[in-house]
Amino acid sequence: MKRILRKSVVTSLSIVTIGMLSFGAFANEADVQYRKATMSALGGHVRALGAVVQGKVSHDEDLILHARAIGDLGKIVPHIFPKGSEGDGTKAKSAIWENPDEFQKAVDGFVSASGKIGSAADKSAVAAALGELANSCKTCHSTFKD
């Protein structure tokens, strides 16, 4: 009886362990996919906003909508790089988790710049804030993205 009970316990623990490991891999993949989708959305709004500001398209009526979206999405960036979301399937460098203070400084710069874009009231204010936003993107990507 003890032998059967011991085998049952070992089997149960093995199943639980495998399940936990599988969930961890799934959660990591889900975090990576969420981050990619968020950053892709941000990039789309930035490119669209740039096209309007540069006069490449005549959609000035959409300018503030894109600017507000950037401001709102900028608020998400600080929490889309959780530990465990590094590794395969992402272009995020390990420097994010190895140098968290430096990464946080870069993220803070982006959040500030995206907030300025998001609160801009007109095309000239957006244009003035767009350079700072672009610089914050370059700063982070050059250090923390492959």
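What share of the 146 residues of the protein chain counts as buried? The figure is 29%. The model is a predicted one, and the walk below starts with its overall layout.

The protein chain has five helices and zero strands. Read along the sequence, the pattern is α-α-α-α-α. Contacts tie separate stretches of the chain together. Take those between residues at least 6 apart in sequence: 73% of them join residues at least 24 apart. The outside comes next. The protein chain exposes about 9,300 Å². Carbon and sulfur atoms supply 61% of that area.

Now turn inward. The largest nonpolar core has 28 residues. Leu49, Phe81 and Ile117 have the most contacts inside this core. Which elements give two or more residues to the core? They are helix H1 (2-53), helix H2 (63-74), helix H3 (95-98), helix H4 (100-118) and helix H5 (123-144).

Leucine 49 is a good place to pause. Leave aside residues up to four places away in sequence, and leucine 49 touches Leu63, His66, Ala67 and Ile70. Leucine 49 also touches Ile117, Val126 and Leu130. One of these partners, Ile117, was named above among the core residues with the most contacts.

Phe81 leads to the aromatic rings. The count comes to two aromatic pairs. In one of them, phenylalanine 81 meets phenylalanine 103 edge-to-face. The ring centres are 5.0 Å apart, with 70 degrees between the planes. This pair links distant parts of the chain. Phenylalanine 81 lies in the loop between H2 and H3, and phenylalanine 103 lies in helix H4, 22 residues apart. Why does phenylalanine 81 count as buried? Its relative accessible area is 16%, and the cut-off for buried is under 20%. Phenylalanine 103 is buried too, with a relative accessible area of 8%.

Phenylalanine 103 also pairs with phenylalanine 144. This pair is edge-to-face as well, at 5.1 Å centre to centre and 75 degrees between the planes. Again the pair links distant parts of the chain: phenylalanine 103 in helix H4 and phenylalanine 144 in helix H5, 41 residues apart. Phenylalanine 144 is buried, as is phenylalanine 103. Together, Phe81, Phe103 and Phe144 form one aromatic cluster.

Helix H5 also holds serine 136. Is serine 136 buried or exposed? Serine 136 counts as buried, because its relative accessibility is 9%. The side chain of serine 136 reaches the backbone oxygen of leucine 133 at 2.7 Å. Beyond residues up to four places away in sequence, serine 136 touches Gly109, Phe110 and Ala113.

The cysteines come last. A disulfide is a covalent bond between the sulfur atoms of two cysteines. The structure holds zero disulfides. Cysteine 137 is in no disulfide, and the nearest cysteine sulfur, that of cysteine 140, is 8.3 Å away. Why is there no bond from cysteine 140 to cysteine 137? The closest cysteine sulfur to that of cysteine 140 is in cysteine 137, and 8.3 Å is too far for a bond. The cut-off is within 2.5 Å. Their exposure classes can be read from the accessibility values. Cysteine 137 counts as partly exposed, at 23% relative accessibility. Cysteine 140 counts as buried, at 14% relative accessibility.

Methods: Residues are numbered from 1 along each chain as its sequence is written. This is a predicted model: local features need pLDDT of at least 70, side-chain atom pairs count only at pLDDT 80 or more; totals for chains, interfaces and linings use all residues. Side-chain values use heavy atoms; hydrogens and water are left out. A nonpolar core is a set of buried Ala, Val, Leu, Ile, Met, Phe, Trp, Tyr and Cys residues joined through side-chain atoms within 4.5 Å. Buried means under 20% relative accessible area, exposed over 50%, partly exposed in between (1.4 Å probe, protein chains only). Helices (H or I, at least four residues) and strands (E, at least two) are DSSP runs, numbered from the N terminus. Contact means heavy atoms within 4.5 Å. Accessible areas come from the Shrake-Rupley method with a 1.4 Å probe; for residues, only the protein chains shown count as cover. A polar contact is a pair of N or O atoms within 3.5 Å; within protein, one must be able to donate a hydrogen and the other to accept it, and residues adjacent in sequence count only if both atoms are side-chain atoms. Rings of Phe, Tyr and Trp (its six-membered ring) pair if their centres lie within 6.5 Å; planes under 30 degrees apart count as stacked, over 60 as edge-to-face and the rest as tilted.
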